[in-house]
Amino acid sequence: MIRPIFSKPSIILFLVALMGSCIAAHAQTAPYQATRTAAEAIEGKVIEWRHHLHANPELSNREFETAKYVANHLRELGLEVRTGVAHTGVIGVLKGNKPGGVIALRADMDGLPVTEIVDLPYASKAKAQYRGAEVGVMHACGHDTHVAMLMGAAEILSQRKDEIQGTIVFLFQPAEEGAPEGEEGGASMMVREGALKDYGVEAAFGIHINSQTPVGQVNYKPGGALAASNRFTITVKGKQAHGSAPWAGIDPITAAAQIIQGLQMIIARQTQLTKEAAVISIGKIEGGVRENIIPNEVTMIGTIRTLDTEMKKEIFHRIEQTATNIAASSGAEAIVNIEPGNPVTYNDPAITRELMPTVVATAGEDNVNLVRPITGAEDFAFYAQEVPSLFLFLGGMDPEMNRAEAPGHHTPNFRVDDRGMKLGVQLYTNIALDYLNNKARK
Ligand SMILES: [Zn+2]
Ligand SMILES: [Zn+2]
């Protein structure tokens, strides 16, 4: 985590400018107090929901019981509910008592094929079939907390319809971790099935809990916050020959070795790393059968991570150019295939600036941190690609715990402290109210 040098004073200035006077400031803090009181009042319920979801995790595109649980809650609150979106997605629509804009709040619902080893009364014992084998299932990324927090925010907001100038769309999304092989799913499918367009959503907001950030802290990064992730394959075609006489053929193995080096030159020598970070990694290389046969072909698979869409395009172009030209220099041929993946999770700078006073007022000035981007990917990016968005990271680590020892996401001993959720409920609530009310004032 990187502490901001310039951001906090500028936030304070912005806040002061925004509030104008003490009276106005007092009028502004009252709704935050109301949210805090409401979040404290339902904290026990939110924790109970989370424990239920944690004990009953479901894999991507299989969130059947989770979806029912969410839909029942939203119906009880009197929201208009749509189910079966992108397979198991649930959308709840809350219309405020005054007309205005439309904002979406998103939570992802899926667990992972991980066997939980945490000693907790609500630890998961769930099992499922995955890729032809039985696996343990666990909420090892904290999506159970996302669902519980958003259910909590829906409850609070449904009781404050008088204050809502517009409409709040609650997106409970399946398959953030990726749909099973041969299936579609996740945020891109939600978008395709109208999760934003059908309601006229004009801004989207999401939160991800973090197991290595202390409870009470909020991390944000304007611009590219999480990387675009693209899988790619390079097939190097040579000409088979006896290992003792390489000149009789074209060696795709040495060409592949040069290409791998060349790809790192793109990052080290041709990418403006002061602008944003970028990564190219080869994760698998395959070719040949034995020591004295130069094979006909080598295949390698890798991942590209970028934080800026223009840089992404440039890197794609250079990968193609580097691989084909290096292969050609030895008479081989390289075929490059870069697959579409998650776009950059882009935090719109204007929305970030507009909502940061809300985040600061909700979490407390000392608890909001400007951080470096993450080269992991998040499919919230597909909403951010459609409408201006903000995606925040929320502390979920027991403050007594040592950050270095806190288990990471997707591990069998991953854990999130329940106390972190109260702030998440407030953030969802205050951001929705402030975005819509700011807009109405404009
Ligand atoms: Zn995850
Ligand atoms: Zn996640």
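How many residues of domain 1 are in contact with residues of domain 2? Hello everyone, let me start there. 10 residues of domain 1 touch 9 residues of domain 2, where contact means heavy atoms within 4.5 Å.

Before going on, a word on what we have in front of us. This is a predicted model, where local features need pLDDT of at least 70 and side-chain atom pairs count only at pLDDT 80 or more, while totals for chains, interfaces and linings use all residues. Residues are numbered from 1 along each chain as its sequence is written, chains are lettered from A and ligands numbered from 1 in the order in which they are written, and side-chain values use heavy atoms, with hydrogens and water left out.

Now, the two domains. Domain 1 is made of 16-226 + 344-441, and domain 2 of 228-338; such bounds come from an automatic or database domain assignment. Taken over C-alpha atoms, their centres are 39 Å apart. Between them the domains bury about 650 Å², with 65% of it on carbon and sulfur atoms. Buried area here is the accessible area (1.4 Å probe) that two parts lose on being put together, summed over both. On the domain 1 side, V344, T375 and A377 lose the most area to domain 2, together 66% of what that side buries. The rule also finds 1 salt bridge across this interface, a salt bridge being a side-chain nitrogen of Lys or Arg within 4 Å of a carboxyl oxygen of Asp or Glu.

Let's turn to the metals. Which residues coordinate the zinc ion (ligand 1)? They are C141 (SG), E177 (OE) and H410 (NE2), at 2.0 to 2.3 Å. Donors are N, O and S atoms within 2.8 Å of the metal (3.2 Å for Na, K and Ca), and water is not among the atoms, so sites may look incomplete. Along the chain, the donor spacing for the zinc ion (ligand 1) reads C-x35-E-x232-H. C141 sits in the loop between β5 (133-136) and α5 (143-158), and H410 in the loop between β18 (389-397) and α11 (421-441), 269 residues apart. Those helices (H or I, at least four residues) and strands (E, at least two) are DSSP runs, numbered from the N terminus.

For the zinc ion (ligand 2), the protein donors are C141 (SG), H143 (NE2) and H208 (NE2), at 2.1 to 2.4 Å. C141 is in the loop between β5 and α5, and H208 is in strand β7 (residues 203-214), so this pair ties together parts 67 residues apart in sequence. You will have noticed C141 twice: it coordinates both zinc ions, which are 3.1 Å apart.

Are these donors buried or exposed? C141 counts as buried at 8% relative accessibility, and H208 is also buried, at 8%. H410 is partly exposed, at 39%. The cut-offs are under 20% relative accessible area for buried, over 50% for exposed, and partly exposed in between (1.4 Å probe, protein chains only).

Last stop, the aromatic rings. The whole structure has 4 aromatic pairs. F205 and Y428 form an edge-to-face pair, 5.8 Å centre to centre with 90 degrees between the planes. F205 lies in strand β7 and Y428 in helix α11, so the pair ties together parts 223 residues apart in sequence. Both rings belong to buried residues, F205 at 1% and Y428 at 0%. Rings of Phe, Tyr and Trp (its six-membered ring) pair if their centres lie within 6.5 Å; planes under 30 degrees apart count as stacked, over 60 as edge-to-face and the rest as tilted. Finally, F380, Y383, F391 and F393 form one aromatic cluster. Thanks for listening!
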